[in-house]
Every structure is written in C-alpha cells, then in structure tokens.
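Biologist: I'm new to this one, so could you walk me through it step by step?

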Amino acid sequence: MTRFNRQRIKAGTRAEIRTEVPELFADGASGQLAVHGRWATAPRPAHTHATSPGPPAPTGTRLTNHQGGAGWQRDPRTDLLVLAVTHFSGQRSFYESATDREERFTTLVRRFALEDPLWTLGLLRWLRGEAQIRSAAVAGAVEFARARAAAKAPGYSREVVDAVLQRADEPGEFLALWTARHGRRLPQPVRRGLGDAVRRLYTSRAVLKYDTPSHAFRFADVLELTHPAPARDRPWQGELFRYVLDRRHRPQQAVPPGDESVLVARQRLALLPVAERRAVLAAPDAADQLAAAGMTWEALSGWLQGPLDAAAWEAVIPSMGAMALVRNLRNFDRARIGDTSAALVAARIADPTQVARSRQFPFRFLAAHRAAPGSRWTAALEAALGHSLANVPRLPGRTLVLVDRSGSMFGVPEGRTELTRADAAAVFGSALALRAEQADLVEFGTGSRPVEVAPEDSLLAAVGRFHGLGGTDTAGAVARHFDGHHRVVVITDEQPGGFGPFDPFAPVPPGVPVYTWNLCGYRTGHAPPAPDRHVFGGLSDAAFRLVPLLEAGGTEQWPWEPPPVG
C-alpha cells in the first residue's frame with residue numbers, strides 16, 4: 001500500500017505552480033503556497049504601453065500591393081490583429097491562398113506568444129469572446145501553446161487554452177488541430193487547460209448536441225488524452241465521463257446515469273422502433289418530449305430516418321435557438337409549416353434579447369433574407385438586423401462612408417454563407433449612414449457614386465441599392481466626395497490599383513480622422529502613416545464602438561484593454 005507523503009505532495013504542487021505561474025517566484029520570491037490562510041500572489045507585470053504599446057500607425061515602409069499599386073507595411077501587432085479578425089481557417093481570399101494566410105497568422109502568433117504573452121493572451125481571449133471569432137482564436141491558442149512549449153517558456157499556455165474554449169465541441173477542435181500539426185504529445189499546461197475547459201463545458205446536453213460521429217475528436221477522445229478529474233462542485237461528472245467513454249467504445253452497452261434526466265429521455269426515444277417514431281410527433285406534448293430529450297433539429301432528422309415534414313418542424317421549433325431558426329427559414333417554407341408556428345418563429349427572430357444572446361454577425365440576417373426572400377420573414381429579419389446593430393454608434397456631425405465594391409470584394413463568400421465581403425461591407429456601411437446624424441454613403445470601384453438612404457429606409461432595402469464597380473480607385477472616391485466632413489470611414493480590402501497619388505487621403509486635412517476597416521487582412525495597407533489614421537480588421541457591431549472612443553481621446557487602447565480612467 002502506498003503511503004501518503006505530505007512533503008512530496010507539497011513539493012510536487014510547488015513545482016507545478018512554478019511552471020504554471022512563474023510570477024510567484026519572480027525576483028527570488030520563495031513561492032510559499034499560503035500566507036495567513038490566503039494564497040500568496042505576486043502582481044503580474046503591469047501591461048504598460050512601454051512593453052505593449054497601443055495600436056500604432058503603419059511603419060511607413062512602402063510596398064507593392066496585390067493589385068500592383070502602392071501599399072504600406074503595418075506594424076506587426078496591428079498586422080496580427082487585422083489578420084486575426086478577418087481570418088477564416090482553411091479559406092482563401094481573393095489574392096491569398098489559405099496556406100499563405102495560415103502561415104502568416106501562425107508566424108505572428110508564435111512571435112508574440114514569446115515576445116509579449118500577456119498581449120497575445122488578451123488578443124485571443126477578446127477574439128473568442130467579444131469578437132466571436134472561433135476558428136482564429138482556437139488556431140491561435142494552438143500555436144501560442146506550441147511556441148511556448150518549444151521554447152520551454154513557462155506560464156500562460158494553460159490560461160490561453162482555457163480562455164478560448166467556450167463551446168463543448170471546442171476542446172475536440174483544439175485537439176484535432178494540435179494533433180494534425182504537432183502530433184499527439186501534449187505539454188502539461190495544454191493538458192491542464194483542456195481539463196479546465198472540459199470540467200466547465202461537459203454536461204449531458206452538451207454530450208447530446210456535440211458528441212457526434214461527425215466530429216474528428218469525440219468527447220471520449222478528449223477525456224482519454226487529458227484525463228481530467230470531475231470538478232469539485234460537479235461530482236456527477238464522474239458518471240457522465242464514464243457514460244461518454246461507454247457510448248464511444250461500447251455504444252450498445254452504454255447506460256446513462258439515472259439522475260441525468262435528459263440522457264435517460266433521449267435513450268427512451270432512441271429505443272422506440274423506427275416505425276413508431278413519427279407517431280410521437282402527433283402527440284399533444286410532442287414539443288415537450290423532444291425538448292426534455294435535448295433533441296436538436298439535426299438529431300431529429302437522424303432519429304426519424306427521413307426528412308423533416310411540417311409536423312416534425314413544428315414539434316422541434318419551440319426548443320430551437322434563434323440562429324438555428326434563422327438558418328432554417330427556407331426549410332420551414334419548403335415544409336409549409338403552419339401559421340401558428342411561423343408566428344412563433346418570427347417573434348423569436350425579432351426578439352432583441354434572443355438576438356443579443358445569439359451574438360451573430362449582422363450579415364447573417366442578410367444571408368437568411370436572401371435564402372428565404374418571401375414576405376413571411378422580411379419584417380422579422382429587418383427587426384433582427386436592427387437589433388444586431390444596436391452598438392453601431394450614432395456619429396455626430398457629417399460622416400463620409402465609402403464602401404468598396406471592386407471585383408476582389410466579391411470573390412470569396414464569407415464563412416459558410418453565400419454572402420461576399422462586398423455584402424458585409426454594404427450592411428455595415430448602410431448601418432453607419434442610417435444611424436449617423438448626417439452621412440454621405442458612397443460606393444466605389446473604378447468609379448464612384450452616392451447611394452441614397454433616408455432615416456426611414458429599411459436596411460435591407462438600402463443594401464439592395466449597391467452595385468459592382470470594377471477596380472479600386474480609393475483616391476478618386478475620396479477626392480470626388482470629401483467635402484469638409486468631420487470623419488471618413490472606408491470599408492475595403494485595401495488593394496487599390498495604380499490610381500492617383502500614393503496617399504488616397506491627401507485631400508483630407510490634418511485633424512480629420514480616417515477609419516479603415518479591412519475585410520481581408522492582407523499584409524499591405526492602402527495609406528502611409530499619419531496622425532488620425534486608424535486601421536481595423538473585420539466587421540462586427542462591437543468594432544464600431546472604437547470610433548467614439550478614438551474621437552474622445554482613447555487612442556492608445558487595444559480593443560481588449562480597459563479604457564483609461566478619468
């Protein structure tokens with residue numbers, strides 16, 4: 001029998017803490033585990049601008065962009081931020097292959113994981129949280145942890161892994177990326193970060209929703225690679241973990257824990273003969289039965305072993321999330337669901353609380369409108385689109401909004417939708433113009449022209465007024481339309497052709513801010529460094545809150561840093 005050795009346990013724990021939180025031992029600190037009943041904590045190094053400056057201007061190095069026009073080299077931190085928020089894993093852009101984008105992203109993350117891990121941790125946490133960009137955050141955490149493990153640099157890896165894994169399928173997604181790139185050996189901080197996420201995320205409903213054969217790494221695979229103990233406040237996880245392992249390796253013998261009512265209800269439905277399953281949908285409590293069993297619409301189709309007709313949709317609609325409803329509007333129309341269910345769908349879609357909870361990018365609602373253009377859903381989608389843009393500021397004074405409609409903006413759909421970056425740019429440009437005190441909305445390409453909008457206009461109607469306009473003459477659009485505005489906003493991929501002067505904003509006098517939103521994350525910018533020139537990447541409603549912040553004087557803050565006090 002192995003005897004308990006208190007000193008050996010304390011020594012092992014101290015060694016683990018020395019590895020995970022090196023600040024406790026900085027400057028010769030003893031690293032005592034407790035002082036007067038409280039954990040001893042050394043303050044982390046202050047995240048000052050001396051070590052991690054706020055967003056700077058481009059370096060001023062002139063390059064040639066993908067169009068053969070003038071481009072300007074960005075500061076590396078800004079380059080990483082812009083690339084991260086415009087990053088879709090495995091997706092090419094108009095001018096760059098997916099491989100080139102992945103390599104550039106990986107190189108920058110690894111660099112700053114070593115040079116400034118706190119700054120990079122803040123970026124990745126913000127990316128997965130407020131910015132709601134999953135793929136880049138998870139991929140960034142993989143490369144962050146790998147870089148620090150290869151350099152034998154202690155600390156931060158466990159924290160960054162736990163920070164970016166916010167959905168129950170993401171520990172498996174992280175492991176799929178890690179093993180594909182770096183093999184199956186996991187550094188201890190990575191293993192512990194994954195264990196932290198598993199204890200936080202694995203529940204019975206998560207098992208039913210995400211532990212499916214379509215995932216490269218099932219929940220059991222994650223458990224077997226990380227060996228997490230159940231959370232102290234979740235002792236029931238031990239039985240849940242056992243069930244997860246059984247359903248992976250011995251599915252015919254897997255018996256859910258008796259106190260997990262959702263798993264028990266799902267098993268009861270699964271044991272029904274296929275021929276009897278559609279009769280469940282005819283029962284008065286069909287919706288309650290499906291909800292109690294955690295039955296998603298995807299699982300329902302497999303359970304019925306056939307297509308979802310109106311009865312199936314009407315039974316599962318009450319338990320569907322708002323964005324699942326939005327994605328299935330065309331399916332509802334095809335199945336011809338009844339008016340009562342349609343009214344429930346429309347009310348859920350237009351509910352501001354549901355929209356805020358879904359945290360979806362506004363152009364998803366435009367995609368839904370194009371997929372299901374009938375009048376049944378138009379009002380609800382218009383309302384949802386308005387709610388999703390609640391954080392777009394009402395800018396005072398006169399604003400010039402320039403929306404790039406060149407060919408390269410149409411080349412690659414955004415994410416899994418059929419929308420292009422040109423569509424996303426039109427949504428946000430129109431939203432800014434409609435909410436501003438006074439705005440001139442202009443579409444530009446080889447030429448340019450105003451897009452007429454009025455305060456009472458529908459945003460969907462405004463987006464329908466845009467066109468494709470060939471090349472990219474940013475300088476010409478600025479020269480033609482700037483007329484004493486208080487600010488200029490440009491939504492573009494920053495790839496002008498050989499048009500006009502090297503600085504497209506030469507007509508804009510000093511002191512007038514120019515905001516560029518880059519939708520592709522290319523290496524080169526379209527303007528040289530100058531005061532009051534700001535470049536951001538990607539588009540989200542939260543991003544536009546930076547405009548009033550910058551104009552109020554908060555020019556040295558990254559998006560994830562708290563605003564200055566006073």
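## A first look around

Modeller: Happy to. Keep in mind that this is a predicted model. To start with the surface, the chain has an accessible area of about 25700 Å², and carbon and sulfur atoms hold 53% of that.

Biologist: How many helices and strands does the chain have?

Modeller: Both kinds of element turn up here. Next to eleven strands, the chain has 26 helices.

Biologist: What percentage of the 566 residues is buried?

Modeller: A residue counts as buried when its relative accessible area is under 20%. Out of the 566 residues in the chain, the buried share is 53%.

Biologist: And what share of the contacts with a separation of 6 or more links residues 24 or more positions apart?

Modeller: Take the contacts in the chain with a separation of 6 or more. Pairs 24 or more positions apart account for 71%.

Biologist: On to the second largest pocket. Which helix gives the largest share of its lining?

Modeller: This pocket has a volume of about 720 Å³. Its lining has 23 residues, with Leu208, Tyr243, Arg247, Arg266 and Ala270 nearest the centre. Helix 9 (204–210), helix 11 (237–249), helix 12 (261–270) and helix 15 (297–304) each give two or more residues to that lining. The largest share is five residues, and it comes from helix 12.

Biologist: How many residues of that lining are nonpolar?

Modeller: Sort the lining by class and you get five polar and five charged residues. The nonpolar count is 13.

Biologist: Let's leave the pocket and look at Pro228. Is Pro228 buried or exposed?

Modeller: Pro228 sits in the loop between helix 10 (219–226) and helix 11. Setting aside neighbours within four places in sequence, Pro228 is in contact with Gly195, Val198, Arg199, Leu223 and Phe241. Its relative accessible area is 13%, and the cut-off is under 20%, so Pro228 is buried.

Biologist: How far apart are the C-alpha atoms of Pro228 and Phe241?

Modeller: Phe241 is one of the residues that Pro228 is in contact with. The two are 13 residues apart in sequence, and their C-alpha separation is 9.4 Å.

Biologist: Which residues does Thr106 touch, not counting those up to four places away in sequence?

Modeller: Thr106 is part of helix 3 (residues 98–115). With a relative accessible area of 14%, Thr106 is buried. Leaving out residues up to four places away, what Thr106 touches is Glu143 and Arg181.

Biologist: How about Gln305: buried or exposed?

Modeller: You'll find Gln305 in the loop between helix 15 and helix 16 (310–316). Gln305 is not a glycine, yet its phi is positive, about 55°. Exposed means over 50%, and Gln305 has 59% relative accessibility, so it counts as exposed.

Biologist: And where does Arg336 lie?

Modeller: Arg336 has a positive phi near 60°, and it too is a residue other than glycine. At 70% relative accessibility, Arg336 counts as exposed. Its place is the loop between helix 18 and helix 19 (339–350).

Biologist: Staying with helix 19, which residues is Ser341 in contact with, leaving aside neighbours within four places in sequence?

Modeller: Ser341 belongs to helix 19. Its relative accessibility is 12%, so Ser341 counts as buried. Beyond those neighbours, the contacts are Glu314 and Ile317.

Biologist: How many of the nine residues of helix 21 are buried?

Modeller: Helix 21 (residues 363–371) is mostly covered. Its buried residues pack against several helices, including helix 17 (322–327), helix 20 (352–358) and helix 22. Among the buried ones are Phe363, Leu366 and His369. The count of buried residues is seven.

Biologist: What separates the C-alpha atoms of Arg327 and Ala367?

Modeller: Arg327 lies in helix 17 and is exposed, with a relative accessible area of 57%. Ala367 is one of the buried residues of helix 21. They are 40 residues apart along the chain, and their C-alpha atoms are separated by 8.7 Å.

Biologist: Last one: what span should helix 22 have?

Modeller: Among its buried residues are Trp377, Leu381 and Leu385. Helix 22 (residues 375–388) has 14 residues, counted at 1.5 Å a residue, and the expected span uses one less than the number of residues. The end C-alpha atoms are 20 Å apart, which agrees with the expected 20 Å.

How values were computed: Residues are numbered from 1 along each chain as its sequence is written. This is a predicted model: local features need pLDDT of at least 70, side-chain atom pairs count only at pLDDT 80 or more; totals for chains, interfaces and linings use all residues. Side-chain values use heavy atoms; hydrogens and water are left out. Helices (H or I, at least four residues) and strands (E, at least two) are DSSP runs, numbered from the N terminus. Buried means under 20% relative accessible area, exposed over 50%, partly exposed in between (1.4 Å probe, protein chains only). Contact means heavy atoms within 4.5 Å. Accessible areas come from the Shrake-Rupley method with a 1.4 Å probe; for residues, only the protein chains shown count as cover. On a 1 Å grid over the protein atoms alone, a cavity is a set of points where a 1.4 Å probe fits but cannot get out, and a pocket is an open set with protein on both sides within 12 Å along at least five of seven lines; lining residues have an atom within 4 Å of a point. Grid points are joined across faces, edges and corners, and a volume is the space filled by probe spheres set on the points. Ala, Val, Leu, Ile, Met, Phe, Trp, Tyr, Cys and Pro count as nonpolar, Asp, Glu, Lys and Arg as charged, and the others, Gly among them, as polar.
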